[in-house]
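Visitor: I should like to go through this model with you and ask what each term rests on. Please set the values against the criteria wherever a word needs justification.

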Amino acid sequence: DIVGAAQAHHADIVALSSSSAYSEAKAADGLRELRAMLPAAVLLWAGGAAAARIRKPMAGVQLITSLGQMIDLVKQWRAGHGSYGPPAGRLHRARNRLARSGYTRAA
């Protein structure tokens, strides 16, 4: 289950690739359904042959038509979230959980 995995791992992005075996309509319907189930803060990126045939922009879905575009998107995302280590949002949430648990680091 993609939604469950995204929530369990505190994903910042869900990226999918769809094969040419999927029709444009089936791919678009699946992406709309997934977008509705994912938390709003989770980005949804879609690539592959079926996604490339989707011509209409989809709210909350980044359609990726080439590997170069994917590389650019990752670079842009990293520029806003840090290149190494956990993404900023996950690190912030982890620190908050530790603080609420009463954990203090030994000196």
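The conversation below takes up the overall fold, the sheet, the largest pocket and one residue of a helix.

Guide: Please note at the outset that this is a predicted model.

Visitor: What elements does the protein chain have, and in which order do they run?

Guide: The protein chain has five helices and three strands. From the N terminus on, the order is α-β-α-β-α-β-α-α.

Visitor: What makes S1 and S2 a pair of strands?

Guide: Two strands count as a pair if there are at least two bridges between them. Six bridges join S1, residues 13–18, to S2, residues 43–48, so the criterion is met. The two strands run parallel. Within this pairing, Ala15 stands opposite Trp45, and Leu16 stands opposite Ala46.

Visitor: How do you know that S2 also pairs with S3?

Guide: Two bridges join S2 to S3, which comprises residues 62–63; the requirement is at least two, so these strands pair as well. Here, too, the strands run parallel. Trp45 stands opposite Gln62, while the bridge partner of Ala46 in S3 is Leu63.

Visitor: Why are S1 and S3 called edge strands?

Guide: The three strands form an open sheet in the order S1-S2-S3, with parallel pairing. S1 and S3 each have a single partner strand, so one side of each is left without a neighbour in the sheet.

Visitor: Which helix lies on the path of the chain from S1 to S2, and what is the handedness of that crossover?

Guide: Between S1 and S2 the chain passes through helix H2, residues 24–37, and this β-α-β crossover is right-handed. The term applies because, with the strands pointing away from the viewer, the path from the first strand over the helix to the second runs clockwise.

Visitor: What is the volume of the largest pocket, and which elements supply its lining?

Guide: The volume of the largest pocket is about 170 Å³. S1, H2 and S2 each supply at least two residues of the lining. The largest share, five residues, comes from H2. Among the lining residues are Leu16, Tyr22, Lys26, Ala46 and Gly47.

Visitor: How is the lining of the largest pocket divided by class?

Guide: The lining has six nonpolar, five polar and one charged residues. Gly counts as polar and Lys as charged, so Gly30 and Gly47 belong to the polar group and Lys26 to the charged one.

Visitor: Why is Gln69 called partly exposed?

Guide: Gln69, found in helix H4, residues 67–81, has a relative accessible area of 23%. Buried means under 20% and exposed means over 50%; the value for Gln69 lies in between, so the residue is partly exposed.

Visitor: Which residues does Gln69 touch, beyond those up to four places away in sequence?

Guide: Gln69 touches Gln62, Leu63 and Ile64. Gln69 and Gly47 are 22 residues apart in sequence and 9.9 Å apart in space, C-alpha to C-alpha.

Visitor: What share of the protein chain is buried?

Guide: Of the 107 residues in the protein chain, 24% are buried.

Technical notes: Residues numbered from 1 in each chain as written. Predicted model: local features only at pLDDT ≥ 70, side-chain atom pairs only at ≥ 80, totals over all residues. Heavy atoms only, no water. Helix = DSSP H or I, 4+ residues; strand = E, 2+ residues; numbered from the N terminus. 1 Å grid on protein atoms, 1.4 Å probe; cavity = no way out; pocket = protein on both sides within 12 Å on 5 of 7 lines; lining within 4 Å. Points joined across faces, edges and corners; volume = space filled by probe spheres on them. Buried < 20%, exposed > 50% of the residue type's maximum accessible area, 1.4 Å probe, protein only. Contact = heavy atoms within 4.5 Å.
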